[in-house]
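Notebook open, structure loaded. I want to see how this chain is put together, so to speak from the outside in.

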Amino acid sequence: MATRGTIAVQHTNGTVSQVYTHWDNHLGGTGQLLLDCYNTLELAESLVSGGDISKVDEDVASTVYYGRDRFEEDTEPRVFACLDSYNKDMLGEEYNYLFTAGQWTVEHLHTGGEYISLTNAVFWA
């Protein structure tokens, strides 16, 4: 069974790019990989630039993308004009990760719709 999620990055120009990701999006899976392997803006942008993801891995080359690796269509990142627009119209799943202001945050069932520090969420999970 899949634990679905989204990964989003707020860019330096204020826009936000978001992708869907299908497998292992719980805090100990994708959450920990984001902290360990995609912990800078450049790495986070590289991850989401490939579009929707089947399974996040330790590097972009090993990550399984629906478009690049499965040749599916319409898998490009969704782009929002600003963080407010993203918060209003985002695709919401079980776990929603957002890289903003130099750190990963997460929103999920137990955060009441609020984004919290991913580092703290993983620590307390």
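First, my cut-offs for cover: I call a residue buried under 20% relative accessible area, exposed over 50%, and partly exposed in between (1.4 Å probe, protein chains only). By that rule, buried residues make up 46% of the 125 residues in the protein chain.

Housekeeping: this is a predicted model, so I note that local features need pLDDT of at least 70, side-chain atom pairs count only at pLDDT 80 or more, and totals for chains, interfaces and linings use all residues. Residues are numbered from 1 along each chain as its sequence is written, and side-chain values use heavy atoms, with hydrogens and water left out.

**Entry 1: overall layout**

I counted five helices and eight strands in the protein chain; these are DSSP runs numbered from the N terminus, helices being H or I with at least four residues and strands E with at least two. From the N terminus on, I read the order as β-β-α-α-β-β-α-β-α-β-β-β-α.

Then I checked the radius of gyration, taken over C-alpha atoms, against the globule rule of 2.2 Å times the number of residues to the power 0.38. The protein chain has 13 Å, and a compact globule with 125 residues would have one near 14 Å, so the two agree. The C-alpha atoms fill a box of roughly 35 × 30 × 25 Å along the principal axes.

**Entry 2: strand S1**

I looked up who pairs with S1 (residues 5-10), where pairing takes at least two DSSP bridges between two strands. S1 runs antiparallel to S2 (residues 16-21), joined by six bridges, and Ala8 has Gln18 as its bridge partner in S2. The two strands form a hairpin with five residues between them, and Gly14 in the turn has a positive phi of about 95°. S1 also pairs with S6 (residues 95-100), this time in the parallel sense over five bridges; there Val9 is matched with Phe99. Five of the six residues of S1 are buried.

**Entry 3: Gln10**

What does the side chain of Gln10 make a polar contact with? I found the side chain of Thr100, at 2.5 Å. A polar contact here is a pair of N or O atoms within 3.5 Å; within protein, one must be able to donate a hydrogen and the other to accept it, and residues adjacent in sequence count only if both atoms are side-chain atoms. Counting plain contacts (heavy atoms within 4.5 Å), and skipping residues up to four places away, Gln10 touches several residues, including Val16, Leu41 and Leu98. Leu41 is 31 residues from Gln10 in sequence, yet their C-alpha atoms are 8.6 Å apart.

**Entry 4: H1 and the cores**

In H1 (residues 27-37), the buried residues include Leu27, Leu33 and Leu34. Among the elements covering the buried residues of H1 are S1, H2 (41-49) and H5 (118-124).

Next, the nonpolar cores, meaning sets of buried Ala, Val, Leu, Ile, Met, Phe, Trp, Tyr and Cys residues joined through side-chain atoms within 4.5 Å. The largest has 23 residues, and those with the most contacts inside it include Ile7, Leu34 and Trp104. S1, H1, H2, S6, S7 and H5 each give two or more residues to this core. A second, separate core of six residues includes Val16, Tyr86, Met90 and Leu98.

**Entry 5: His108**

His108 sits in strand S7. Is His108 buried or exposed? Buried, because its relative accessible area is 9%. Beyond its neighbours within four places in sequence, His108 is in contact with Leu27, Glu94 and Tyr95.
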